[in-house]
Every structure is written in C-alpha cells, then in structure tokens.
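Visitor: I am a first-year student, and I would like a close look at a single strand in this structure, followed by a careful walk through the parts that can be described along with it. Please take your time, and connect the pieces as you go.

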Amino acid sequence: MDKTFYITTPIYYPSGKLTIGNSYTTVLCDAIARFHRMLGFDVFFLTGTDEHGQKISKIAKEKGISEIDHLNSIVADTKELWKELKISYDDFIRTTDERHVSSVKKIFNKLYEKGEIYKARYSGKYCIPCESFWSEGQLIDGKCPDCGRDVIDSDEECYNFKLSKYTEKIKELYRKNPNFLQPQNRVNEMLNNFLNEGLKDLCVSRKSVKWGIPVDFDPDHTIYVWIDALSNYITALGYLSEDDSLFKKFWPADVHVVGKEIVRFHSIIWPAMLMALDIPLPKTIFGHGWLLFNNEKLSKSKDAGTKEVLDPRILIENYGSDSIRNFLIGEVNFGSDGPFTQEAFLLSFNNNLANTVGNVASRTLGMAEKYVGGIIGSCGNLSDVEKTFKDEVISLKKQAIEEIKALKPTQSYNHALEILQKCNRLVDDVKPWELVKDGKEEEINTFLNLLCNAQLDAYTLLLPFLPDRVPAVFEKFGLAVPTKIDEENSFNLLKPNSKVCKGENLYSRLDVSKENEKLYKIANE
C-alpha cells in the first residue's frame, strides 16, 4: 500500500488583509493532513504565496518600497497567523524563492523546446486584480466575469501555450477518471463554460510586466502567472533541480484543494501543462465553495470588516484557535458555500465545543470522581443498551476515518462529535446514579469504562480538527496524547484501574448575546 500523502492549498496572493475567509482552505487542508499523519501516512502538506505580477508591483510602487520588502512583511504576517491557527505545513513555497525561479525557467524552456509554446500577439481585455485575459464575449456587462471589476485594453507581444490542443484530452480525462475533479458539479461547470466550446491558446508571458521571472532565451518577456504559479506544486518538490527526491517520492499529488473560483486553472490549464511535460497528473482536484458574508464571497463583500469581526486574530484572542477551526470545518460543508455570521460562530462554539467536546469529558470524569473515587475499573458484561452503544461508536469511528479519506472533513468531524453526543445520551439511558444507589459496583465500573473509552476514541479522532485544546483531555485520563489512530481496534485506550481527574473544562460556555455585542463593538471602533 502506498502510504505517502501529498496535499496542497493554492498559493495565496499576498494582499495584506487576512480574514477568516483567507484561512478556510488552509485550515481544512491542515485537518486532512493531520488526520492522515495519524493514520500512518507519510504526509507532505504544501502552502505558500504567489508573489509576482502587475498587482504586486503597483502596490509596492504606491508604498514607495521595493516589491520584495512589501512581500516580506506580508509573508511573515501570514506565517505567524498560520502558527496561531496551528497549521502544520511541511513546506511554504514563495514564487520569489530561487529554487522556484530556477525550476520555472527550465519548465518554460522545456515546453518551448517541445513545441508547446510559440511567440504570438495578444489583443483583448485584461483584468489586473485577477491577472486574467478575456475576450469581449466573455465579459459580463463589460466587466471581469470573475471579480466584476473593470478591465483594461491590452495589446502586446507574448508567448502562447497550445492549450487548444488539449480540449479533447481534458474531456477524456474527466470521462475516464471521475475522481479527478470533485465535487461533480465542478466537472459540469468546466464542460459547459469552457471545454464544450473549445479551449483557446493561453498567453504565458508579458512584455509590459517586469516583476516576475524572465524568459531565459528572451529576457524582454516575463513568465506570466500560469506557468509560474501553478508550477509551485512540483518546484517545491525539487522538479528539475539537483535534488528531486521529494518529487520522486510524493508526486503525483493526492489532492490539490482550491477555491471554486480557480478550479478552471487547476483542472484545465494545470493538467494540460503536465501532459505537455509528460508528467503524471494529480489524483484529485477538489474545488471547495466560498465562505459567504452578506451572501457574497467574503473577500468581495463591501461590508467586510465594518459590521462584524472577520479578523481571525481577534477571534483567536477571545475564543482560541479551535473556535475558528470548529466553525470552518464543522459548519461549512466542504465543497459548498457557507455563510459566516458572528452569531452562528458563537452558537457553534457553544454547541460543538462547550456543550459537546468540553462538557462530555467534564460530566463523565465528574461522575468517576463522585462514584468510584476517580479510579476506573475494568469492563465487565455489557447490558443490551451498552452493547448497542458500543456498536454504534465503532461504526461512527469507521465512518469518520473513511470520510476523511474520501475528502469529507465536515462529515468526519461531525461523526466524531456524534460519538460524544451518544455518550451523553448513554448516561441518560443507563442512569448510573441508580446503579450507585443500588450498590451495583461491577455495573458502574463497566459503564464508566465503556463511557471513557468511547470518549477517548472520539477525542483521538478530534485531535486533527482541534489541536489546541483537545490534547489536554488525555491528561485528565492519565494518558499521553495519541500520535496514531487505530483503524482496527476501539475501546482499548484506557488502562485498567486508571486514575482520572476532572480538572478544568476545555471550553467555557459563552453568553452569545453578550459576546456578539462585544464583537460588534470591536468591529465598528
């Protein structure tokens, strides 16, 4: 069995403004990467920044500083936020890194030598924010179809990539490999909006933009965004470098996770480039939805940052990093759009973290201290109710594992929470206080052993999702924090006659109305 796992986020354009929306893809990928590590996979998790192009140069000029000085401060800030959110990336690639620049030049040269790139002239419309060329017919009300902003006229010499020759090959790829592009509605979008009408050759160099990687054999041209940015997934692994051992080990990627607005580039242009280079294709491109604010993509909303707190650092400072991870993973179904409001964020904190993740351990360990002096005995014969409960927990654990493998982190997370919810219901069904009243010592120990082991399986599943506070729960049970998830066995983590301690709650319940008012005040200061 191949036990390597390579997962990537798209490299981010360093705009300088980090919101909870910017964090969405990275948090989801981190949870998936952490989970696979605990399943025994050798994981490589890549993220980074896309640092070339006209936008960067324009902003730096307006600030009166160099492009690299402008970028360095933003990248440092991004890395610090990823640290606060417990993002466990294995590599952070910058397109200004020499390792990337060197390999991209070789990639461009290789495509040119293979006859996949030719000199031409582009005349049409160009969107600076999206760094995209558009024909007149593709515009919507004369504006960019992606971002809705004004476009400019562009006419210049360029190099083109022969994307048009790959129309049928990409369609065949979708037909033969239904898992390549997920979810299925993204396939329909690509077919209906681009492939069925036939692809056009793609501009891959600019003469008018100097902030970028120069073409080796024609230095008046700068390599345009697609060959530059998309290649990061292989340049980070050392492709065409002196040490390509990571490329040999981890390529092809298991999954590129991208926002739906850039699915076209990753599911059409990227595979065409790889075909042209005779490189195996990634196994899956997953196009997730948007985090919405006032029914708009958060990064586009005119109200963003003026009415509600969208700054992840404020949310982390007040509620911890698990609060953001809980909302992004648990409340926004991966693959679909999902709304963000402060109230929904706070309610989710109470429902999932305080009432479920925190309360179940606190309730159970409180009973253990009260009924058996904090010493959990061995498990004896189970009642019918307890047998059913155990079977259900084992089933939910298996589902959570299979769902993460199937790129369904939201369902996986919620099934782990469901185990804890079933623990709460088991307490109500068994009524341990009555067992104690009747002096049934064996039954109470069996019940507590079963309940604790079920929770420990759930908390182990939750470690990849909530890495900030959940590790502390294992100390309450006298255990080291697990580094592996046992796929074959369950109900076996608690040692015989373990001493447990209730301690402090993992998460304290919030006064939603009060906290909402506080956040509104912060946002409108």
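Guide: Let us begin with strand E3, which spans residues 91-94 and has both of its faces covered. On one side Asp91 and Ile93 are buried, and on the other side Phe92 and Arg94 are buried as well. Please keep in mind throughout that this is a predicted model, and that every value mentioned here is computed from it. Strand E3 has a partner in strand E2 (residues 42-49), and the two pair in the parallel sense over four bridges. Within that pairing, Leu46 has Asp91 in E3 as its bridge partner, and Asp91 is also one of the buried residues of E3 named above.

Other strands pair in the antiparallel sense, and a general point helps here. Strands of a sheet pair through backbone hydrogen bonds, either parallel or antiparallel. Strand E4 (residues 117-127) and strand E6 (residues 152-161) are an antiparallel pair, joined over 10 bridges, and in this pairing Ile117 stands opposite Phe161 in E6. Strand E6 also pairs with strand E8 (residues 202-203), again in the antiparallel sense, over two bridges. There the bridge partner of Asn160 is Cys203 in E8.

An open sheet of three strands can be followed in the order E9-E11-E10, with antiparallel pairing. Its edge strands are E9 (205-206) and E10 (213-215), each of which pairs on one side only. Strand E9 is joined to strand E11 (residues 218-223) over two bridges, and Arg206 stands opposite Thr222 in E11. Across E10 and E11 lies helix H4 (residues 98-113), which runs at about 25° to E10.

Another open sheet of three strands has the order E15-E14-E16, and here the pairing is mixed. Strand E15 (296-297) and strand E16 (338-339) are the edge strands, each pairing on one side only. Strand E14 (residues 291-293) runs antiparallel to E15 and is joined to it by two bridges, with Lys297 in E15 as the bridge partner of Leu292.

Burial can be followed along a helix too, and helix H5 (residues 167-176) offers an example, its buried residues being Thr167, Ile170, Lys171, Leu173 and Tyr174. Seen down the axis of H5, these buried residues fall within an arc of 150°, and therefore they line one face of the helix. On the other side of H5, Arg175 and Lys176 are exposed. The elements that cover the buried residues of H5 include strand E7 (181-182), helix H6 (184-195) and helix H10 (263-277).

From buried faces we can turn to the nonpolar cores. The largest nonpolar core has 101 residues, and the members that touch the most others are Val357, Tyr459 and Leu462. If residues up to four places away in sequence are left aside, Leu462 touches Val357, Tyr413, Ala416, Leu417, Leu420 and Val470. Apart from this core lies another one, of 65 residues, with Ile107, Tyr159, Ala236 and Leu237 among them.

Charged side chains complete the picture, for the structure holds 31 salt bridges. One of them joins the side chains of Arg99 and Asp97, at 3.6 Å from N to O, and Arg99 counts as partly exposed because its relative accessible area is 34%, between the limits of 20% and 50%. Another salt bridge is formed by Lys405 and Glu487, whose closest N and O atoms are 3.0 Å apart. This pair links distant parts of the chain, 82 residues apart, with Lys405 in helix H14 (residues 384-405) and Glu487 in the loop between helix H18 (471-476) and strand E18 (498-499). Both partners are partly exposed, Lys405 at 34% relative accessibility and Glu487 with a relative accessible area of 29%.

A further salt bridge joins the side chains of Lys518 and Glu515, at 2.9 Å from N to O. Both residues lie in helix H19 (residues 512-523), three residues apart, which is about one turn of the helix. Lys518 is partly exposed at 32% relative accessible area, whereas Glu515 is buried at 13%. Finally, salt bridges that share partners join Lys119, Glu157, Lys207 and Asp218 into one network.

Methods
Residues are numbered from 1 along each chain as its sequence is written. This is a predicted model: local features need pLDDT of at least 70, side-chain atom pairs count only at pLDDT 80 or more; totals for chains, interfaces and linings use all residues. Side-chain values use heavy atoms; hydrogens and water are left out. A nonpolar core is a set of buried Ala, Val, Leu, Ile, Met, Phe, Trp, Tyr and Cys residues joined through side-chain atoms within 4.5 Å. Buried means under 20% relative accessible area, exposed over 50%, partly exposed in between (1.4 Å probe, protein chains only). Contact means heavy atoms within 4.5 Å. A salt bridge is a side-chain nitrogen of Lys or Arg within 4 Å of a carboxyl oxygen of Asp or Glu. Two strands pair if DSSP finds at least two bridges between them. The arc is that of the directions from the helix axis to the C-beta atoms. Axes are lines fitted to C-alpha atoms, for helices over the stretch in contact, and angles run from 0 to 180 degrees between N-to-C directions.
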